[in-house]
Amino acid sequence: VGLIETLATIHYLRGSLLFPSGDVAGCLAQHARSRDYARQAGSPQAEARAQSGLGDAYLLQSRLNSAYAHY
């Protein structure tokens, strides 16, 4: 696992930790960074995790269409 993919994992975990506290803005920002790093790393698995996190954050905002697009 390369450094860029590790960064994707770190930001995914940060977003996941912000989710239960209701920090939607922070959650979205961290999962978006995770997705960007995952794409740079060429890691479909890391990108899928990040997209799932984005979907969860959008669900927290009751933005169902946006959530569905990320799932």
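Select helix H1, residues 3–18, in this predicted model. At 1.5 Å a residue, the 16 residues of H1 should span 22 Å. The C-alpha atoms at its two ends lie 23 Å apart, which agrees with that expectation.

Next, within H1, select Ala8, His11 and Gly15, which are the buried residues of this helix. Turn the view to look down the axis of H1: these buried residues fall within an arc of 70 degrees, so they line one face of the helix. Then select Leu3 and Leu17, which are exposed on the other side of H1.

What covers the buried residues of H1? Select helix H2 (24–41) and helix H3 (44–60), since the cover includes both of these helices.

Now select the whole protein chain. Its secondary structure consists of four helices and zero strands, and the pattern read along the sequence is α-α-α-α. The radius of gyration of the chain is 11 Å, close to the 11 Å that the globule rule gives for 71 residues, so the chain is as compact as a globular protein of that length. Taken along the principal axes, the C-alpha atoms fill a box of roughly 35 × 25 × 10 Å.

With the whole chain still selected, display the surface. The accessible surface comes to about 4200 Å², and carbon and sulfur atoms account for 56% of that area. Of the 71 residues in the chain, 34% are buried.

Finally, display the contacts within the chain. Among contacts with a separation of 6 or more, 41% are between residues 24 or more positions apart.

Methods. Residues numbered from 1 in each chain as written. Predicted model: local features only at pLDDT ≥ 70, side-chain atom pairs only at ≥ 80, totals over all residues. Heavy atoms only, no water. Expected span 1.5 Å × (residues − 1). Buried < 20%, exposed > 50% of the residue type's maximum accessible area, 1.4 Å probe, protein only. Arc of directions from axis to C-beta. Contact = heavy atoms within 4.5 Å. Rg over C-alpha atoms; globule rule 2.2 N^0.38 Å. Areas by Shrake-Rupley, 256 points an atom, 1.4 Å probe, with all protein chains shown as cover.
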